[in-house]
Amino acid sequence: MLTGEDVEDLRVHLSRLPDAPEVHETVVLACGYHEDERPTWMYVEADARAGVARRRCLQCARSVGLLDSDERWTHPPMWSCGGCHQSIGEVAAGLSVADGEHVTWVVLGVRCTECGRIDGLTDMVLPGTPLTEVLERL
Ligand SMILES: [Zn+2]
Ligand SMILES: [Zn+2]
């Protein structure tokens, strides 16, 4: 079982995936609706086959669909840890960036806040979307 001590370990994991496009940037997803903090504990729903994901902040319960996920939503079940079965995780994205500013691939992973287990969630191929736009929509 793959585990991480903290969300940094998840970022490292995402940047070293075998048999995957090279990941140049990693981002810890956080809720943007708070003034002084960016909470990272969340529930997440993801469909690996459809390449969609949605996260919900543990503190304020606001949901955000990643990139165009809301338009293609497939109603996947909420992620729960394969080790300890609870559903609160920290989520990070790995980005494959062409020429330093256009994202061609996004991969999402989650780390269980209880036992530290790291799971893959989904990935999405993008047509070279500007990095700044992707960062706003994760
Ligand atoms: Zn929130
Ligand atoms: Zn767990």
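The donor residues of the zinc ion (ligand 2) follow a C-x2-C-x27-C-x2-C spacing in sequence. Cys81 sits in the loop between β4 and β5 (89-98) and Cys115 in the loop between β6 (102-112) and β7 (118-130), so this pair ties together parts that are 34 residues apart in sequence. Keep in mind that this is a predicted model. There's another zinc ion (ligand 1) to look at, with donors spaced C-x2-H-x22-C-x2-C.

**Zinc ion (ligand 2)**

- Four cysteines do the coordinating here, each through SG: Cys81, Cys84, Cys112 and Cys115, at 2.3 Å.
- The geometry comes out tetrahedral, with angles of 99 to 119 degrees among the 4 donor atoms.
- Buried or exposed: where does Cys81 fall? Cys81 has 0% relative accessibility, so it counts as buried.
- Cys115, on the other hand, is partly exposed, its relative accessible area being 31%.

**Zinc ion (ligand 1)**

- This one brings a histidine into the mix: the protein donors are Cys31 (SG), His34 (NE2), Cys57 (SG) and Cys60 (SG), lying 2.0 to 2.3 Å from the ion.
- Why is the arrangement called tetrahedral? Because the 4 donor atoms subtend angles of 107 to 115 degrees around the zinc ion, and the cut-offs for a tetrahedral site are 85 and 135 degrees.
- His34 and Cys60 link distant parts of the chain: His34 is in the loop between β1 (25-28) and β2, while Cys60 is in the loop between β3 and β4, 26 residues apart.
- Cys60 is partly exposed, at 24% relative accessible area.

**The β2-β3-β4 hairpins**

- β2 (residues 42-47) and β3 (residues 52-57) run antiparallel, joined by 6 bridges.
- One of the pairings puts Met42 opposite Cys57 of β3, and Cys57 is also among the donors of the zinc ion (ligand 1).
- The β2-β3 hairpin leaves 4 residues between the strands, and Gly51 in that turn has a positive phi of about 70 degrees.
- β3 then pairs with β4 (residues 63-65), again antiparallel, through 3 bridges.
- Here Arg54 has Gly65 in β4 as its bridge partner.
- This second hairpin has 5 residues between its strands; the turn residue with a positive phi of about 70 degrees is Ala61.

**Ala46 and its surroundings**

- Ala46 belongs to strand β2.
- With a relative accessible area of 19%, Ala46 is buried, given that the cut-off is under 20%.
- Beyond its neighbours within four places in sequence, Ala46 makes contact with Val52, Ala53, Pro76, Pro77, Leu121 and Thr122.
- Ala46 and Trp73 lie 27 residues apart in sequence, with a C-alpha to C-alpha separation of 9.4 Å.

**Val107 and its surroundings**

- Over in strand β6 you'll find Val107.
- Val107 is buried too, at 9% relative accessible area.
- Which residues does Val107 touch, setting aside those up to four places away in sequence? They are Leu14, Leu17, Val23, Ala92, Ala93, Gly94, Thr122 and Asp123.
- Asp123 deserves a second look: its C-alpha is 4.1 Å from that of Val107, with the two residues 16 apart along the chain.
- Thr122 turns up in the contacts of Val107 as well as in those of Ala46.

Conventions. Residues numbered from 1 in each chain as written. Chains lettered and ligands numbered in written order. Predicted model: local features only at pLDDT ≥ 70, side-chain atom pairs only at ≥ 80, totals over all residues. Heavy atoms only, no water. Pairing = 2+ DSSP bridges. Helix = DSSP H or I, 4+ residues; strand = E, 2+ residues; numbered from the N terminus. Donors = N, O, S within 2.8 Å, 3.2 Å for Na, K, Ca; no water. Tetrahedral: all angles 85-135°; square planar, octahedral: opposite > 155°, others 65-115°. Buried < 20%, exposed > 50% of the residue type's maximum accessible area, 1.4 Å probe, protein only. Contact = heavy atoms within 4.5 Å.
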